Amino acid sequence: MNKLDLYNSEKLDRLRGQQDPLADHAVSKLLIRPDIIESINSWDQIPDNFPKNFPKEINGFFNFYTEPFPFESQFSGLRHVQEIFFKHLTLMLSLLGLYALPYTYAFGNGAEVLVRSRRMVEDPGRRLAETALFILECYRPGAFLEDKRIFLVLAKVRLIHAFSRHFIQKYDNTWDFSWGPPINQEDMMATNLSFSLLIYRGMRKAGVNLGQSDKEALLQYWKCIGYYLGLNMDFLPDSPKEAFELEKMIKRRHLRASSAGKTLIKSLLHHYQNGLLQPAIAPFSADLMAYFLGKPISEVLDIDPKNQIPDFVLGAVMAFSLFGLGGKPKSFLEFYAQFRKNTAVKFGENVTIKLPERKH
């Protein structure tokens, strides 16, 4: 079947009703075994052998990450994409905060999940730093190849999604199921596009054009990530044409103004205007967002640009990123270490990706 034939309302409605049973079953056991949560959070990578007291649902979940990748022959360009990221890492990280993240706020049903995270509203800087850390881990040189640490990162993010689903469905009596189940397959697919399609689209708006083969490689990279996050591989695009059509279809279905989206964007803009590590960008943060997002999405989010963006501001976005990291680093590890140092100073502790632990 032509993949474009999948991108219709009937099939996407069906996808919207689906979540991630493997991760959801694992979380049902983790909720009654907080000791295992603490154990997982102490790992550096998924161990070869699990403790004997791990329930079969948790073993089954982590065994998924030890099995051979079934599409390995299709993903010969992983290392090449990591090289692309290192070449453009400051711009790609800036696009995360100025384009990819606010883009997700414009889809009213999905924004209802995000606004229910108090930290997303009350501490957007830390949430942004955690997402940036996730991106850095995804693009770490050798990830998926000789460096296996990425599998634990993706497993934890997948479980964090399942924890969120559980708490919303069980305890949030304000959730309207006309929005669809929280963190469903369609919304996760839209997020996946925000890290692939939107990034190379944003790079073009910043004056950096990737070739067709590089765009396809980036889509394939995020298809690989999507597989380990529990997404339905049948729908994830393989070509820029498919990505364009899928994003257009999702936008047609779900782009709408919402109080949730406006709350999220207001919180994010307040952080940019008052707490950025790169102060030259701060006064133009709304203008930059509107530039990358375009008029329809900016209007949905009530972003009202006031200024013409000076060349030096766009240059700062490309050269320094939102996190104040500038200059061409000698290596990915040098950049990674500086990012960890800067964010630790800003937040008073290391930023980490970890499962929610029960407070004693």
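This is a walk through a predicted model, one selection at a time.

Before you click: residues count from 1 along each chain as its sequence is written, and side-chain values use heavy atoms, with hydrogens and water left out. Because the model is predicted, local features need pLDDT of at least 70 and side-chain atom pairs count only at pLDDT 80 or more, while totals for chains, interfaces and linings use all residues.

**Stop 1: salt bridges**

Side chains of opposite charge can pair when their charged atoms come close. A salt bridge here is a side-chain nitrogen of Lys or Arg within 4 Å of a carboxyl oxygen of Asp or Glu, and the structure holds 25 of them.

Select Glu 10 and Arg 14. Their closest N and O atoms are 3.4 Å apart, which makes a salt bridge. Both sit in helix H1 (residues 9–16), four residues apart, about one turn of the helix. Helices are DSSP runs of H or I, at least four residues, numbered from the N terminus. An α-helix has 3.6 residues a turn, so residues three or four places apart point the same way. Glu 10 is exposed at 54% relative accessible area, and Arg 14 is partly exposed at 48%. (Buried is under 20%, exposed over 50%, partly exposed in between, with a 1.4 Å probe and protein chains only.)

Now jump to Asp 24 and Arg 165, whose side chains form a salt bridge at 3.0 Å, N to O. Asp 24 belongs to helix H2 (residues 21–30) and Arg 165 to helix H10 (residues 149–171), so this pair ties together parts that are 141 residues apart in sequence. Asp 24 is partly exposed, with a relative accessible area of 22%, whereas Arg 165 is buried at 1%.

For another pair within one helix, pick Glu 245 and Lys 248, which meet at 3.4 Å, N to O, in a salt bridge. They lie three residues apart in helix H14 (residues 240–254), about one turn of the helix. Lys 248 is partly exposed at 32% relative accessible area.

To see a network of salt bridges, select Asp 13, Arg 16, Glu 186, Asp 187 and Arg 253 together.

**Stop 2: Asp 287**

Go to helix H16 (residues 285–293) and highlight Asp 287. Which side chain of opposite charge is nearest to Asp 287? That would be Lys 306, but it is 8.3 Å away, and Asp 287 is buried with no salt bridge. (Lys and Arg count as positive, Asp and Glu as negative; His and the chain ends are not counted.) What the Asp 287 side chain does reach is the backbone nitrogen of Asn 307, at 2.8 Å. Leaving out residues up to four places away in sequence, Asp 287 touches Pro 305, Lys 306, Asn 307 and Ile 309; contact means heavy atoms within 4.5 Å.

**Stop 3: helix H12**

Colour residues 197–205, which make up H12: seven of its nine residues are buried. Those seven are Leu 197, Leu 198, Ile 199, Tyr 200, Arg 201, Gly 202 and Met 203. They pack against helix H6 (89–105), helix H11 (185–194), H13, H14 and H16. After H12 comes Gly 207, with a positive phi near 95°.

**Stop 4: positive phi outside glycine**

Phe 144 has a phi near 75°, a positive value in a residue other than glycine. Find it in the loop between helix H9 (124–138) and H10; at 9% relative accessibility, Phe 144 counts as buried. Ile 183 has a positive phi too, near 50°, and sits in the loop between H10 and H11. Ile 183 is buried at 12%.

**Stop 5: empty space**

Keep Phe 144 selected and add Leu 145, Lys 148, Phe 151 and Tyr 228: of the 20 residues lining the second largest pocket, these lie nearest its centre. Helix H5 (78–87) and helix H13 (212–228) each supply at least two residues of that lining.

**Stop 6: Thr 343**

Finish in helix H19 (residues 332–347) with Thr 343, buried at 1% relative accessibility. Measure C-alpha to C-alpha from Thr 343 to Leu 133: they are 9.9 Å apart in space and 210 residues apart in sequence. Setting aside residues up to four places away in sequence, Thr 343 touches Ala 129, Gly 348, Glu 349 and Val 351.

Methods. A polar contact is a pair of N or O atoms within 3.5 Å; within protein, one must be able to donate a hydrogen and the other to accept it, and residues adjacent in sequence count only if both atoms are side-chain atoms. On a 1 Å grid over the protein atoms alone, a cavity is a set of points where a 1.4 Å probe fits but cannot get out, and a pocket is an open set with protein on both sides within 12 Å along at least five of seven lines; lining residues have an atom within 4 Å of a point.
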